[in-house]
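Please open the structure in your viewer and keep a selection tool at hand. The tour below goes from stop to stop, saying what to select and what is there.

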Amino acid sequence: MVSISAETPEQTEERLRRVIAQADVLVQNGVWCFEESPTDQPPVLTSDTLAVVRDDQSWSRLVPLTQAHEDVEHFGIFSFHFPAELDNSGFVGWLASQLKVRLGTGVFVICGSNRARGGIYDYWGCPIHLLDEVIAVVKELRAS
């Protein structure tokens, strides 16, 4: 469920630090990329497909980088699963801002839902060469 709350910026910061500390974090192995196809050619879903999204012109499938992919951006991927009882509203903007300020990087986020595991989960992507630094920031925020 998407939570609606009224809180001060300090209360939001405190709540989101609790959220990141209690979330399950998983770093995906390898290098990842987006594989694109026209809207009239939906991608085949395989066991290594993490996400599929589309706009009005193309499908975009998040998959491990292989030799077949040329001239695509290379990403590191990590994910968060949140406990059901926690209000994680604002988490994406908060963590994305932390990473932008600390490391200068933008990120992409793809969200899904798994009610058996608490509800909303996020896959995060960052430039592969910054993945270790991004995870260090995540670990620091989880410890504080």
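Which residues does F82 touch, not counting residues up to four places away in sequence? Keep in mind while looking that this is a predicted model.

**Stop 1: F82**

Select F82, in the loop between strand 5 and helix 2. Then add its contacts: V19, A23, N88, F91, R117, G118, I120 and D122, with residues up to four places away in sequence left out. F82 has a relative accessible area of 3%, so it counts as buried. Now show the C-alpha atoms of F82 and A23: they are separated by 4.7 Å, although the two residues are 59 apart along the chain.

**Stop 2: strand 5**

Step back from F82 to strand 5, residues 75–81. Seven of its seven residues are buried, so the strand is mostly covered. In a regular strand the side chains alternate between the two faces of the sheet. Colour F75, I77, S79 and H81, which point one way from strand 5, and then G76, F78 and F80, which point the other way. Both sets are buried.

Next, look at the strands that pair with strand 5. Strand 1 (24–27) runs antiparallel to strand 5, and four bridges join the two. Select D24 to find one bridge, as its partner in strand 5 is H81. H81 also has a bridge partner in strand 7, namely Y121. Strand 5 and strand 7 pair in the antiparallel sense as well, over seven bridges. Along that pairing, S79 stands opposite Y123 of strand 7.

**Stop 3: Q28**

Where does Q28 lie? Select the loop between strand 1 (24–27) and strand 2 (32–38), and Q28 is there. Is Q28 buried or exposed? The relative accessible area of Q28 is 17%, and the cut-off for buried is under 20%, so Q28 is buried. Its contacts, not counting residues up to four places away in sequence, are L50, I77, F78, S79 and Y123.

**Stop 4: strand 6 and strand 7**

Select strand 6, residues 108–114, and strand 7 beside it in the pairing: the two run antiparallel and are joined by seven bridges. One pair to display is S113 with its bridge partner I120 in strand 7. The hairpin of these strands has four residues between them, and G118 in this hairpin takes a positive phi near 110°. G118 was also among the contacts of F82.

**Stop 5: helix 2**

Select residues 91–103, which form helix 2. The 13 residues should span 18 Å at 1.5 Å a residue, and the end C-alpha atoms are 18 Å apart, which agrees. Which residues of helix 2 are buried? They are F91, W94, L95, Q98 and L99. These residues cover an arc of only 130° around the axis, so they are on the same side of helix 2. They pack against helix 1 (9–22), strand 5, strand 7 and helix 3 (131–143). Just after the helix, select G104, which takes a positive phi of about 80°.

**Stop 6: the nonpolar cores**

In soluble globular proteins, nonpolar side chains tend to be buried together. The largest nonpolar core here has 21 residues; select I20, F78, F80, F91, W94, L95 and W124, the members that touch the most other members. Helix 1, strand 5, helix 2, strand 7 and helix 3 each supply at least two residues of this core. Helix 3 gives the largest share, six residues.

Centre the view on W124. Its contacts, again without residues up to four places away in sequence, are G76, I77, F78, F80, F91, V92, L95, A96, L99, V107, F108 and V109. Apart from the largest core lies another core, of nine residues, among them L50, A51, I77 and I110.

**Stop 7: C33 and C126**

How many disulfides does a search of the whole structure find? It finds zero. To see why, select C33: its sulfur is 15 Å from the closest cysteine sulfur, in C126, which is too far for a bond. A disulfide needs the two sulfur atoms within 2.5 Å. C33 is buried, at 0% relative accessibility. C126 also counts as buried, at 0% relative accessibility.

Definitions and conventions
Residues are numbered from 1 along each chain as its sequence is written. This is a predicted model: local features need pLDDT of at least 70, side-chain atom pairs count only at pLDDT 80 or more; totals for chains, interfaces and linings use all residues. Side-chain values use heavy atoms; hydrogens and water are left out. Buried means under 20% relative accessible area, exposed over 50%, partly exposed in between (1.4 Å probe, protein chains only). Contact means heavy atoms within 4.5 Å. The expected span of a helix is 1.5 Å times one less than its number of residues. The arc is that of the directions from the helix axis to the C-beta atoms. Two strands pair if DSSP finds at least two bridges between them. A nonpolar core is a set of buried Ala, Val, Leu, Ile, Met, Phe, Trp, Tyr and Cys residues joined through side-chain atoms within 4.5 Å.
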